[in-house]
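Work through the exercises below with the structure open. Each task is followed by a stepwise solution.

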Amino acid sequence: MRAARLIKLVLLLQSRPSMTGTELARQLEVSERTVARDVLALSEAGVPVYADRGRTGGYRLVGGYRTRLTGLGRTEAEALFLSGVPSALREMGLADAASAARLKVSAALLPELRDASASAAQRFHLDAPGWWREGDPPPLLPAVADAVWDDRPVTARYRRRDTEVERELEPYGLVLKGGIWYVAARAGEQFRVYRVDRFTAVAARAERFARDETFDLPAFWEERAAEFARSILRDRVGLRLTPDGARRLPHVTDSAAAADALAAAPAPDGLGRVTVGLAVESLEVAYEQLLGLGPEAEVLDPPELRLRFAEAASRTAALYARPGGGPTCSPPPADPCPPPGP
């Protein structure tokens, strides 16, 4: 523990011209007294740490005690610091390791490049979870991540609908999609995708599995994601869209399904309207999505969905039938409504 802290202290001093005892204590999460003892230990070990006394004093390295990475430009350095996704690393239990790695790189960079980490962090930030989604990571994510890093097979219990099943898996890679963690794993001879938050138990085995070097995680995920998107579009609705409705359709429903529907549509009618057949997840989902188009979309079929939109349109029209809106009542409900104003 102390050895790791001493290394981090040296790296901190390499990355800056000078640091006070207070700054070092905060970075190392120890007391200033401990920092002073660590500096003394480094000096005795031959590391040239010099202490400047006084109110503006601090600690610094002398004699050019540093190592440098050569051939690394500013753009490359900024891209290196940008490559980390802090929230994802934290959820996988790798935040400390990533911090140490960035510190080592920063300490070894040329002086004119040492602001690369701050410059990238202040310009780009990835907030992975979707809106209105709980940010708590799956409790078994660190265990799965360890197995992925070490190429260790796992025995996992997986919640599927109302039952639990046990699977022997070779976890190849993790994917964070819309705030949800997935693991791509080989089960038998096939690669499958599992949601990490549905694991109820994960036990890694001691041996390692031999990875298939031809496996390409980004390509595999892209293919499976496309298959999943197509598989959930089980229903179909007929629509007549105004030009504005056609323009807005990809923004309220599945964009790929909307593109396919518009591409297959016949020529517009005399009013510029197009008739399309749109693949949807369900009629309930279609109702919620297409309501957003308002009068720019007319549902033609199936009849039950058209009837539901007709009823919604009738209720909406009734709300706006009275100019200026109707009177409102104040509590208690038994009180009579005041007469509308002139």
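**Exercise 1.** Find the residue of β9 that is the bridge partner of Val237, then describe how the two strands pair.

*Solution.* This is a predicted model. Step one: the partner of Val237 in β9 is Leu278. Step two: place the strands. Strand β8 covers residues 235-241, and β9 covers residues 274-280. Step three: the direction. β8 and β9 run antiparallel, joined by seven bridges.

**Exercise 2.** Decide whether strand β9 is mostly covered or mostly open.

*Solution.* Count the buried residues, using the cut-off of under 20% relative accessible area. Five of the seven residues in β9 are buried. The strand is therefore mostly covered, given that cut-off for buried residues.

**Exercise 3.** Locate Ala143 and classify its exposure.

*Solution.* Step one: Ala143 sits in helix α8, which spans residues 141-150. Step two: its relative accessible area is 31%. Step three: apply the limits. Buried means under 20% and exposed means over 50%, so Ala143 is partly exposed. Step four: check a distance. Val154 lies eleven residues from Ala143 along the chain, and their C-alpha atoms are 9.7 Å apart.

**Exercise 4.** Summarise the whole protein: elements, burial, contacts and surface.

*Solution.* Elements: 13 helices and ten strands. Burial: 32% of the 342 residues count as buried. Contacts: take those with a separation of 6 or more; 63% of them link residues 24 or more positions apart. Surface: the accessible area is about 21,700 Å², and carbon and sulfur atoms hold 54% of it.

Key. Residues are numbered from 1 along each chain as its sequence is written. This is a predicted model: local features need pLDDT of at least 70, side-chain atom pairs count only at pLDDT 80 or more; totals for chains, interfaces and linings use all residues. Side-chain values use heavy atoms; hydrogens and water are left out. Helices (H or I, at least four residues) and strands (E, at least two) are DSSP runs, numbered from the N terminus. Buried means under 20% relative accessible area, exposed over 50%, partly exposed in between (1.4 Å probe, protein chains only). Contact means heavy atoms within 4.5 Å. Accessible areas come from the Shrake-Rupley method with a 1.4 Å probe; for residues, only the protein chains shown count as cover. Two strands pair if DSSP finds at least two bridges between them.
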